[in-house]
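Open your viewer, keep the sequence panel in sight, and let's walk through this model one selection at a time. Each stop says what to pick and what you will find there.

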Amino acid sequence: MKAETNLQKILARGEFAVTCEYNPPRGTDVDSVRRNAAQLKGKVDAVNVNDNTNARVRMSSWALSRILLDVGIEPILQMVTRDRNRIALQSDLLGASALGIQNVLCLTGDHPSKGDHPEAKGVFDIDAIQWISAVKQIRDQGLLMNGKDISGNPKLFIGAVANPFVQSVELHVIRLQKKVGAGAEFIQTQPVLDMERFKTWLGEAAQRGLTDKCFIIAGVIALSSVAMAQHLRSNVPGMMIPDTIMDRLGAQPEDRQLEEGVNICVECIEALKQVKGVKGVHIMAIGCEENIPEIIEKAKLLPRPDLS
Amino acid sequence: MIIGEHKPIRELLAMIDGYNNILMVGCKGCVTVCNAGGSKEVAILAAALRIARRKQDKPVTIDEFTLDRQCEPEFISWLEDPVEKNKYDAIVSLACSIGPQYIAEAFETMVALPGLNTSFMGGTVEHGIWEEYCAACGSCVIHNFGGLCPITRCAKGLLNGPCGGSVDGRCEINEDIDCVWELIYRRMQKLGQVHRLEESIGAKDWSTSLSGGPRRIIREDLTV
C-alpha cells in the first residue's frame, strides 16, 4: 500500500519539500540524539537517517529512525545494499515497517574500501535498482523477492538517489530512468553547487519524462570551512565542489567561513526554488548540523506546511 | 588464466620454519605465463630462501622440481618417486592453490604449503601488469554489456549502470581503475546499442557462484 507520509503528502500537493540528513551516532547515546533532533522539529518535512554512510559504522538506521519517530520527526530510512544480502534487507524492511517507518531510500552505498573497516567483505548481492523493485513488490503485491507472500500491508514511500555531476550524463540518466521504472517515487540528488551542470542533467531527465514521473529533491550543502570542503572533495565519492566555491570560502577569514558556507547554501536553495522540475531541497550540513534551522529560515522555507 | 604472485619472503620463511628438507614444486601452466611459478621462479625463490635460512643459522635443503601442470592428479603423481627417495619434511607449491591442495590429497602425511597467493582470473594488460576479468560467477551475462563484465570489473558488481561515485570515468575506490560502466557505455555507443542499457537487469542468481557452495561439473559424455 502506498504510504501517506508527511513527505509524500507535501510533494503530492506541490509544496516545496525540505529534508535534511541525520547521521546516527557511533555509539548508543540516544539522549544527545533526542536533543540534537529536537531542533529539526517543525523545520523540515522529513529527515534522512544514514545507513553507515561512507561505510563507517554507526547505529543502525532503522533503530535511529524509530527513535526519531518517538520524538515526532518523520524519518527517511536509508538502506544500502552494500552490507546486507537480499535476505537481511527484506527482513530489516519488514521490521522497519512494523516499527512504523514508511519512507525508505534505496541506495547501493559507498564501497567498504572507503570506510572505517576497509578489510570488510562487500556484500552487493543486489544493486539499488533491484532493491527498489523488491521494495515495490513487497509493498504492492505483498510478495518477497522469491514470490512468497507476507502478512500485513507495509505502507512505503520509495526513494532513491542520483548524482547529476558525472562524466556521461546520458548513462547516469538511464540509470535514473531504471530507478524510477523500478518504483522510485522521489529522488534526492548529490549537493548542487554547479547550477549549469545540474540543469544539463535535469534537462536530460526531463527529456525522458522523469521529472513528471518522480519528485526530484535537489541536494544542497552547507560547507563549514575550506578544510571541510577539501576533506569532502577528496574523501566522499561523487562529491563535486567547484573551484569557484572553494575560492569564495577561502576569501573569508577562518572564523567567517561557516557564515559564508551558510550564505552559499541559502543562495543555492533560492536558485533551486526557481528551477522547473525541482520539487524540494535536501540539506546536508556535515559538521554544522546545528545551522540547519538557520539555513531554512534564511531561505524563507518556514513555516512548514502542516498536513497532519 | 589464473594470475598469482609470490608470497612475501618473510611469510614464506615463517611457513617453512622448522622444516629442513623441502621440495619446491613449480607449475608450467598459468603461473609460468604470469612469471610467478615456473621453473625460473622456483630457482630464484629457492635460492632466496636458502640464503635467508643460512643467515638465520638454520640452513635448509630445498630441491626444485617443476610439473607440466599441478591441476591434474596425474602430473602430481610424478612427485611420488622423489618424495619417496628424499624423505622431505614439506612441499612448497608454486602453483595456484589447486597445486598444494592436490599435493595434500596425494600425500597423506606430507605438509603441503602454498608458495603463491592465487590472485584472480585475468590477463596481461602489458608486460608486468595483469588485471582481473572474470569472477567465475558460473553464469555469464557479458553479452548484455557489450562483452565486458561489470560483476568483476565494477567494484560493486553493479548490473544496472554506474554508481554515483564514478567520477571522470574512474572508479570511486581507486582513480587508477576505469569505471567499467563508462567502458560499457562507450562500447555500446560504438555498437549502436545504448538503448539496450535501458533494460533493467533483475537480481542475479548467485547459486551458480561460490555462494552456492563448492562447485562441480559432471559431463556424462566424458565420464567412464
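Start by selecting A:F124, a buried residue with 22 other C-beta atoms within 10 Å; a count of 20 or more is what earns the label "buried". Keep in mind throughout that this is a predicted model. Show the backbone here: the phi of A:F124 is positive, about 45°, although the residue is not a glycine. Why is that worth a click? Most residues other than glycine have a negative phi. To place the residue, look in the loop between strand 4 (103-107) and helix 5 of chain A.

**Stop two: from the loop into a helix pair**

Follow the chain on into helix 5 (residues 128-141) of chain A, and also colour helix 6 (residues 169-182) of chain A. Two packed helices are described by the angle between their axes and the distance between the axes. In this pair, the axes come within 8 Å and cross at roughly 15°. Helix 5 and helix 6 of chain A are therefore roughly parallel to each other, as angles under 35 degrees count that way. Turn the view to look through one helix at the other, and you will find that helix 5 of chain A passes helix 6 of chain A in a right-handed crossing.

Which residues of the two helices meet? On the helix 5 side of chain A, select A:A128, A:I129, A:I132, A:S133 and A:K136; on the helix 6 side of chain A, select A:K178, A:K179 and A:A182. This contact between helix 5 and helix 6 of chain A divides into four nonpolar, one polar and three charged residues.

**Stop three: helix 6 of chain A by itself**

Stay with helix 6 of chain A and put a distance label from its first C-alpha to its last. These 14 residues reach 20 Å, close to the 20 Å expected at 1.5 Å a residue.

Is helix 6 of chain A mostly covered or mostly open? Mostly covered: 11 of its 14 residues are buried. Among them are A:L171, A:V173, A:I174, A:L176 and A:V180, and the buried set also includes A:R175, A:K178 and A:K179.

Now bring up what covers those buried residues. From chain A, the cover includes helix 5, strand 5 (157-162), strand 6 (186-191), helix 7 (195-207) and helix 8 (210-213). Chain B contributes too, with its helix 8 (180-191). Just after helix 6 of chain A, click on A:G183, whose phi is positive, near 135°.

**Stop four: a strand residue that touches both chains**

Next, select A:A162 in strand 5 of chain A. A:A162 counts as buried, with 24 C-beta neighbours inside 10 Å. What does A:A162 contact, leaving aside its neighbours within four places in sequence? The partners are A:L176, A:I187 and A:T189, plus B:G164 from the other chain. Label the C-alpha atoms of A:A162 and A:T189: they are separated by 4.8 Å, although the two residues are 27 apart along the chain.

**Stop five: across to chain B**

Show both chains together. The contact takes 26 residues from chain B and 31 residues from chain A. On the chain B side, these are 12 nonpolar, nine polar and five charged residues.

In helix 8 of chain B, pick out B:Q189. This residue is partly exposed, with 14 other C-beta atoms within 10 Å. Add B:G146 to the selection: it is 43 residues from B:Q189 in sequence, and 9.5 Å away in space, C-alpha to C-alpha.

**Stop six: a second helix pair**

Colour helix 1 (residues 9-16) and helix 3 (residues 39-55) of chain B, whose axes come within 11 Å and cross at roughly 70°. That makes helix 1 of chain B roughly perpendicular to helix 3 of chain B, and their crossing is right-handed. To see the contact, select B:I9, B:L12, B:L13 and B:I16 from helix 1 of chain B with B:A48, B:L49 and B:A52 from helix 3 of chain B. By class, this contact has seven nonpolar, no polar and no charged residues.

**Last stops: two backbone details**

In the loop between helix 2 (30-33) and helix 3 of chain B, find B:N35. B:N35 is not a glycine, yet has a positive phi of about 55°. With 17 C-beta neighbours inside 10 Å, B:N35 counts as partly exposed.

Finish in chain A at A:P303, in the segment after helix 12 (292-298). A cis peptide bond joins A:L302 and A:P303, with omega at about -5°.

Conventions
Residues numbered from 1 in each chain as written. Chains lettered and ligands numbered in written order. Predicted model: local features only at pLDDT ≥ 70, side-chain atom pairs only at ≥ 80, totals over all residues. Axes fitted to C-alpha atoms, helices over the stretch in contact; angles between N-to-C directions. Helix = DSSP H or I, 4+ residues; strand = E, 2+ residues; numbered from the N terminus. Parallel < 35°, antiparallel > 145°, perpendicular 65-115°, else oblique. Left-handed = near helix turned anticlockwise from the far one by under 90°. Contact = placed C-beta atoms within 7 Å. Nonpolar A, V, L, I, M, F, W, Y, C, P; charged D, E, K, R; others polar. Expected span 1.5 Å × (residues − 1). Buried ≥ 20, exposed ≤ 12 C-beta atoms within 10 Å, placed from the backbone.
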